[in-house]
Amino acid sequence: MLLSNGEDQTQLLPSETETQVSNSDSVEGLLPVSKVYTDVVVVPEQQNNEIQHLISNLQREVEELRLKQRVVDGKRRQALSKILDIKGSIRVFCRIRPNLSKEKRRNYEPVSAESERVRVKFGGTRKEFAFDKVFHQDTTQESVFVEVEPILRSAMDGHNVCVFAYGQTGTCKTFTMDGTNEQLGIIPRAIEELFRQASMDASSSFTFSMSMLEVYMGHVRDLLSPRQSCRTHEPLTKCNLNIQTDPKGLVEIEGLSEVQISESAKAKWWYNKGKRFRSTSWTNVNQASSRSHCLTRINIFRRGDSSEAKSKTSKLWMVDLGGSGRLLKTGARGLTLDEGCAINLSLSALADVLAALKRKRCHVPYRNSKLTQLLRDSLGMILLSSLNCKYSQLLRRK
């Protein structure tokens, strides 16, 4: 503490809060050194035993809670599987695209929809189709994702899952799967939901990896490759990945890039990077028509918290299919025409596979298309959910 007298002299007085230093602790020419005292509390043996007993009880309670959590998770998985089995392993949704400005000038409405039925008027005839769910023109992106969300939980439980957007060109399939910054589509919402569910699951630990590819003109191309070596003037065989199937029926793609994703922001960054390399072209129907099938694959690695738990690996495929279209309507010529023919052929092969799975036939023609070869272990094993925009060939007639 500093005090000042009338002669402007300053005197240093000891403060109550300052450390008291003995003369023996100071050395001439050096600063005083303060002493530090440490008290060691010796816990009596009886009290120590009580603490150890409490710790053992807490550890036992934690283990019992973990066991109950595993039982609850098992029952939840069984209930979810039963619900999905009741709804069907192959589900077909229909989303009706809002009318364009030129279509609003018409005085009649060619499409009328209910919750599970769509009626179409065309050429003086009226046809009715049935679906598992129908999304009307004013349906939001969030409402569509609500129907898809349960299958994400199924994928995290160890099942292979596939989600399609299927329909004619210009029917907003890419909008449904990708969306915009203001209206996120299924893929970015699914990425966020996967990490959210993983953070809430206390009984297992999850890791994710991501790949993106496209099927263009019957060839498989990597969209996350560090260097895009494929150019329009180069033969497609240079960028064609090889598809392998092991004896267990699991599909592997040789040379496909696979990146580890630790958070949703990183996964979205890779997704935005990959979709920039997708093949698009102008047609009479769509200024940026997709000329390939774009496939996003997320590998899910799950491991339980117990030492005896086995790790599980599952796949989540989210596919924005190229749009089917008629030549007279699209006005395609040259390369664009060849691209359209390749898309229609692969979509026809996909329809044949789905029909065979639905009818539980012994032979399923997976090898008729690169698209169905890629999805072989995900189409036939567990679950397929298809989103259908406006019109489609994949309709179930009433």
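Let me start with the overall make-up: the protein chain has nine helices and 19 strands, and I should say at once that this is a predicted model. The chain runs to 398 residues, and buried residues make up 41% of them. If we take the contacts with a separation of 6 or more, 67% of them join residues 24 or more positions apart. As for the surface, the chain exposes about 24200 Å², with carbon and sulfur atoms supplying 51% of that area.

I would like to spend most of my time on one hairpin, the one formed by strands E9 and E10. Strand E9 covers residues 204–216, and it pairs with E10 in the antiparallel sense over four bridges. Tyr-216 in this pairing stands opposite His-219 of E10. Two residues lie between the strands, and Met-217 takes a positive phi near 55° in this hairpin.

Now, what covers the faces of strand E10, residues 219–222, or rather, which residues are buried on each side? In a regular strand the side chains alternate between the two faces of the sheet. In E10, His-219 and Arg-221 lie on one side while Val-220 and Asp-222 lie on the other, and all four of these residues are buried, so that both faces are covered.

Let me finish with the cysteines, where the structure holds zero disulfides. Two of them are worth setting side by side: Cys-94, at a relative accessible area of 2%, falls under the 20% cut-off and is therefore counted as buried, whereas Cys-362, at 89%, is over 50% and is therefore counted as exposed.

How values were computed: Residues are numbered from 1 along each chain as its sequence is written. This is a predicted model: local features need pLDDT of at least 70, side-chain atom pairs count only at pLDDT 80 or more; totals for chains, interfaces and linings use all residues. Side-chain values use heavy atoms; hydrogens and water are left out. Buried means under 20% relative accessible area, exposed over 50%, partly exposed in between (1.4 Å probe, protein chains only). Contact means heavy atoms within 4.5 Å. Accessible areas come from the Shrake-Rupley method with a 1.4 Å probe; for residues, only the protein chains shown count as cover. Two strands pair if DSSP finds at least two bridges between them. A disulfide is a pair of cysteine sulfur atoms within 2.5 Å.
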